[in-house]
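Morning, everyone. Please bring up the model on your screens, and I will walk through it.

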Amino acid sequence: DDNFSTIVGAVQQGRVVYANLKKVILYLFATSLAEVLVLLLALVGGFPLPLVAVQILWINIVTEGTVTVNLVMDPADGDEMKRTPVPRDDRLLSAEMLQRVALMTPIIAAVSFGWFAWRLEQGVALEIVRTETFTVLAMCQWFNVLNCQSASASALGPRIVRNRWLLGGLSLSMLLQVLVLYAPPMNALFHTVPLPAESLLPLLGLASLVLWVEEARKLWVRRVHRARP
């Protein structure tokens, strides 16, 4: 209809949908590049492959698939109509997004490949190291999807519970990762071995680095924004 409030509501929802689409593109772009970079580092460095093909497939379809659709369901922030209108020729992969990718991707790759190379140097069996690297990379994806919810607002606090679809997807992804680690049929199919429960905490802490670095960037962005007249 031609009711002005309906038009305003439609514009607001359009902005929400467009913003959520960019969040998903940012997430997929950063995480996929990180996987490629991990494999390239191993090839260039003369290491065995950190992941087998079926593990890469699991991360791309299951780990990412359980959260990407849910990320599109992010609710409105409430300030959509106060933002500058999006130009008609706006790029889905903007300069700001590329800068965030340039921050996220190396961290995920460094954490995953760094752990892989260090554990091999310690003489740990390749099958165990691959399972640990596979798990670290999956954990990085969990933290990074929280990063992608906003370019400036912290992922911690109330925002983390606003999107129940995303929380459900994360919970499902974690449950499936537990199955792929500890269910014997999944071990055989995905070339994994059960890891001691106490070894998961260091992996989780290492993977969370991508969240803390992005949180520091967001804090800097908020301070710069407040400092502007």
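**Pocket, cavity and salt bridges**

Start with the largest pocket, which has a volume of about 1,200 Å³. Its lining counts 33 residues, and the closest to its centre are Arg83, Glu96, Ser150, Ala151 and Ser152. Helix 1, helix 4 (95-121) and helix 10 (209-227) each supply at least two residues of that lining.

Ground rules next. This is a predicted model: local features need pLDDT of at least 70, side-chain atom pairs count only at pLDDT 80 or more, and totals for chains, interfaces and linings use all residues. Residues are numbered from 1 along each chain as its sequence is written, and side-chain values use heavy atoms, with hydrogens and water left out.

Now the terms for empty space. On a 1 Å grid over the protein atoms alone, a pocket is an open set of points with protein on both sides within 12 Å along at least five of seven lines. A cavity is a set of points where a 1.4 Å probe fits but cannot get out, and lining residues have an atom within 4 Å of a point. Grid points are joined across faces, edges and corners, and a volume is the space filled by probe spheres set on the points. Helices are DSSP runs of H or I, at least four residues, numbered from the N terminus.

How many cavities of 30 Å³ or more are there? The count is one. The largest cavity holds about 40 Å³ of space. Its lining is Val16, Ala19, Asn20, Lys23, Pro75, Ala76, Asp77, Glu80 and Arg83. Arg83 also appears among the residues closest to the centre of the largest pocket.

On to charges. Side chains of opposite charge can pair when their charged atoms come close. The rule here is a side-chain nitrogen of Lys or Arg within 4 Å of a carboxyl oxygen of Asp or Glu. The whole structure has five such salt bridges.

Take lysine 23, from the cavity lining. Lysine 23 pairs with aspartate 74, and the closest N and O atoms are 3.0 Å apart. Lysine 23 sits in helix 1 and aspartate 74 in the loop between helix 3 (65-71) and helix 4, so the bridge ties together parts 51 residues apart in sequence. Are these two buried or exposed? Both are buried, meaning under 20% relative accessible area, with exposed over 50% and partly exposed in between (1.4 Å probe, protein chains only).

Next, arginine 100 and glutamate 214. Their closest N and O atoms are 2.8 Å apart. This pair links distant parts of the chain: arginine 100 is in helix 4, glutamate 214 is in helix 10, and 114 residues separate them. Glutamate 214 has a second partner listed here, arginine 217, with closest N and O atoms 2.9 Å apart. Those two are three residues apart in helix 10, so about one helical turn separates them. Arg100, Glu214 and Arg217 are thus linked in a network of salt bridges. Arginine 100 is buried. Glutamate 214 is buried at 1% relative accessible area, and arginine 217 counts as buried at 18%.

Cysteines now. How many disulfides does a search of the whole structure find? Zero, where a disulfide is a pair of cysteine sulfur atoms within 2.5 Å. Why is cysteine 140 without a bond? The closest cysteine sulfur, in cysteine 148, is 12 Å away, which is too far. Cysteine 140 is buried at 1%, and cysteine 148 is buried at 2%.

One tryptophan deserves a look. Tryptophan 142 lies in helix 5 (residues 126-147). At 9% relative accessibility, tryptophan 142 is buried. The C-alpha atoms of tryptophan 142 and threonine 63 are separated by 8.1 Å, with their positions 79 residues apart along the chain.

To the surface. Leucine 43 lies in helix 1 (residues 4-45) and is exposed at 57% relative accessibility. Leu43 is one of the residues in a nonpolar surface patch of about 490 Å². The others making the patch are Val36, Leu37, Leu40, Leu41 and Leu49.

Last stop, a backbone angle. Histidine 191 has phi near 55 degrees, a positive value in a residue other than glycine. Histidine 191 is placed in the loop between helix 8 (184-190) and helix 9 (197-207). At 44% relative accessibility, histidine 191 is partly exposed.

Definitions and conventions:
Patch = residues over 30% accessible without salt bridge, like charges linked within 9 Å, V, L, I, M, F, W, Y side chains within 5 Å. Areas by Shrake-Rupley, 256 points an atom, 1.4 Å probe, with all protein chains shown as cover.
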